[in-house]
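Q: I have a model open and would like to learn how to read it. Where do we start?
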Amino acid sequence: MTVSRQELLIFTIARLLKECRSVAVGASSPIPGAGALLARHWAERETPSRRLFLTILGSGRLNAMTSGGVELFDMAAQGRIDAFFLGGGQIDGQGNINLVGTGTYPRTDVRWPGSFGSAYLYYLVPKMILFREEHTRRVMVPKVDFISAPGPRNDGVYRPGGPIGLLTNLCWFSFDRIRQRFRLETIHLGHSLEEVRDNTGFEFDVAPDIATTSLPDASTLADIRGPIARQIAEAYPRFVKQVFPDAA
Amino acid sequence: MPQDWLLPSADALAARLPDGAKIAVPHDTLGVAMETTRALIRRGIKNLHVVCVPVAGLQVDLLIGAGCVATLETSAVTFGEHGTPYRFHDALRRGTIRMLDATCPAIHAALEAGRKNIPFIPLRGLLGSDLVVHRPDWKTIDNPFAKNDPIALLPAIRPDFAVFHAPYADRVGNIFIGRRRELATMTQASLGGALVTVEEVRDVDLLASEETAAGTLPALYVAHAAIAKHGAWPCGLWDLYPTDESHFRRYAELARSADGFARYLDEFVHVGRQAAAAE
């Protein structure tokens with residue numbers, strides 16, 4: 001049975017969210033959204049059935065906020081969001097992320113949309129998962145050109161949250177807050193340590209027990225392709241049409 | 001009977017906004033006043049300071065392309081899956097707008113301070129971000145109630161007007177905003193209140209029922225309103241109508257160049273001008 005790249009990422013994200021009570025997913029994030037839905041699906045099947053509260057921005061139904069856009073940030077500050085996802089046009093080895101652009105600000109060479117809520121949520125959400133599909137030296141840089149949100153550092157700033165790791169098309173790195181470095185934990189099937197090194201512009205540690213990223217079993221795959229794909233289609237119809245045409 | 005709050009058109013509404021005004025606008029899915037935006041471009045408004053609550057989309061790209069914006073304060077500029085804001089990128093490259101990059105909760109918090117009419121508000125996060133480096137108006141202090149706890153302070157945002165589009169007003173000018181509470185926050189923070197377009201005026205009293213009152217922006221805060229059918233087009237409006245994706249694609253093609261953008265304005269904004277020239 002073939003597992004697609006997207007299915008592996010959805011499954012891996014769901015595993016990272018296993019103990020969460022409340023998960024939020026930001027704009028333009030179909031794979032984290034589907035991963036969170038799978039984690040909720042698993043929570044519902046525990047005995048007794050467990051609730052996993054999901055806030056998917058851009059969704060009408062998977063979004064229970066009633067106080068306006070500020071509520072997501074207030075929930076995070078209250079400690080009521082256990083996990084969130086951020087990407088980055090650039091990510092560096094200290095866990096700094098850049099969502100603004102390359103070159104010299106403000107007349108950047110390339111301009112990305114902007115920092116969104118990163119300069120707040122990155123400090124406050126305990127399980128901040130960095131997710132960027134593209135794994136190249138263009139993205140994984142030695143030092144970001146603009147710090148939208150800084151990685152954890154010893155600066156005395158209130159920071160109950162922070163990155164727990166970085167998931168890409170090639171691998172999963174955990175983030176060590178003390179060493180302020182990424183550590184390569186698992187490599188996705190079909191990829192190699194050499195390939196990860198060749199495509200990463202920053203230094204990282206390698207786990208002694210480095211393994212292949214776990215694959216979903218047949219029944220999990222059926223869940224992803226069926227109910228999960230159908231649920232995420234409300235917020236991301238285009239994504240589902242492309243990746244799960246049978247569920248669209 | 002004519003009422004003072006209800007103006008005959010989006011153009012009449014746009015005429016109430018002076019050059020140099022600071023306006024607060026919501027992001028694409030909340031109810032963007034696109035017909036008002038076209039009217040502002042038609043009237044040739046200049047030097048706007050646009051505060052995006054909390055991110056910008058097509059509305060801002062249009063206003064920038066048409067030369068209406070002096071300062072842009074936003075947490076992001078994005079069309080989502082619907083293309084690239086080329087006019088914004090062009091203005092940044094040429095240095096024709098002053099850019100105030102923010103983060104979403106900072107805009108929400110500064111408006112919250114604005115509605116309370118307090119001078120500033122503290123906010124977590126932020127410290128160590130390059131956003132702070134480029135925002136000299138943001139300060140860092142030591143929490144006066146604890147030891148070793150640095151925290152950022154943001155000055156209140158008090159726009160001149162909030163400008164948005166909503167499904168309907170009732171007979172006295174109360175506006176239905178549902179659960180989009182940021183529309184109330186940004187309006188209450190604004191010195192002049194809201195300039196709103198609505199799909200329709202209904203002969204009802206929104207405050208008479210507990211169910212609708214909770215989703216109502218009271219008329220007290222509303223400076224003026226005007227009816228604009230499909231006033232958010234080509235953006236969508238809640239669950240009433242979806243984003244016009246094919247129009248966004250057309251815009252993205254044309255707005256890639258200054259010439260193409262000028263053609264877009266002729267075709268979709270200065271419609272009257274074209275018709276008059278043909279006569």
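A: Start with overall size, and keep in mind that this is a predicted model. With 248 residues, a compact globule would have a radius of gyration near 18 Å. Chain A has 18 Å, so the two agree. Its C-alpha atoms fill a box of roughly 45 × 45 × 35 Å along the principal axes.

Q: What share of the residues in chain A is buried?
A: Count neighbours: a residue is buried if 20 or more other C-beta atoms lie within 10 Å of its own. In chain A, buried residues make up 48% of the 248. Now look at contacts with a separation of 6 or more: 64% of those in chain A join residues 24 or more positions apart.

Q: How many helices and strands does chain A have?
A: Chain A has seven helices and 13 strands.

Q: How do I read one helix, say H1 of chain A?
A: Check its span, then its cover. H1(A) covers residues 5–16 and reaches 17 Å from first C-alpha to last, close to the 16 Å expected. Nine of its twelve residues are buried. Among them are A:Leu8, A:Phe11 and A:Ile13.

Q: Which elements do the buried residues of H1(A) pack against?
A: Two helices and three strands of chain A: H2, H6, E8, E10 and E11.

Q: And strand pairing? In which sense do E6 and E8 of chain B pair, parallel or antiparallel?
A: Read direction, then partners. E6(B) and E8(B) pair in the antiparallel sense over four bridges. B:Ile121 stands opposite B:Leu154. E7(B) also pairs with E8(B) in the antiparallel sense, over four bridges. There, B:Asp142 has B:Pro150 as its bridge partner.

Technical notes
Residues are numbered from 1 along each chain as its sequence is written. Chains are lettered from A and ligands numbered from 1 in the order in which they are written. This is a predicted model: local features need pLDDT of at least 70, side-chain atom pairs count only at pLDDT 80 or more; totals for chains, interfaces and linings use all residues. Two strands pair if DSSP finds at least two bridges between them. The expected span of a helix is 1.5 Å times one less than its number of residues. Two residues are in contact if their C-beta atoms, placed from the backbone, lie within 7 Å. The radius of gyration is taken over C-alpha atoms; the globule rule is 2.2 Å times the number of residues to the power 0.38.
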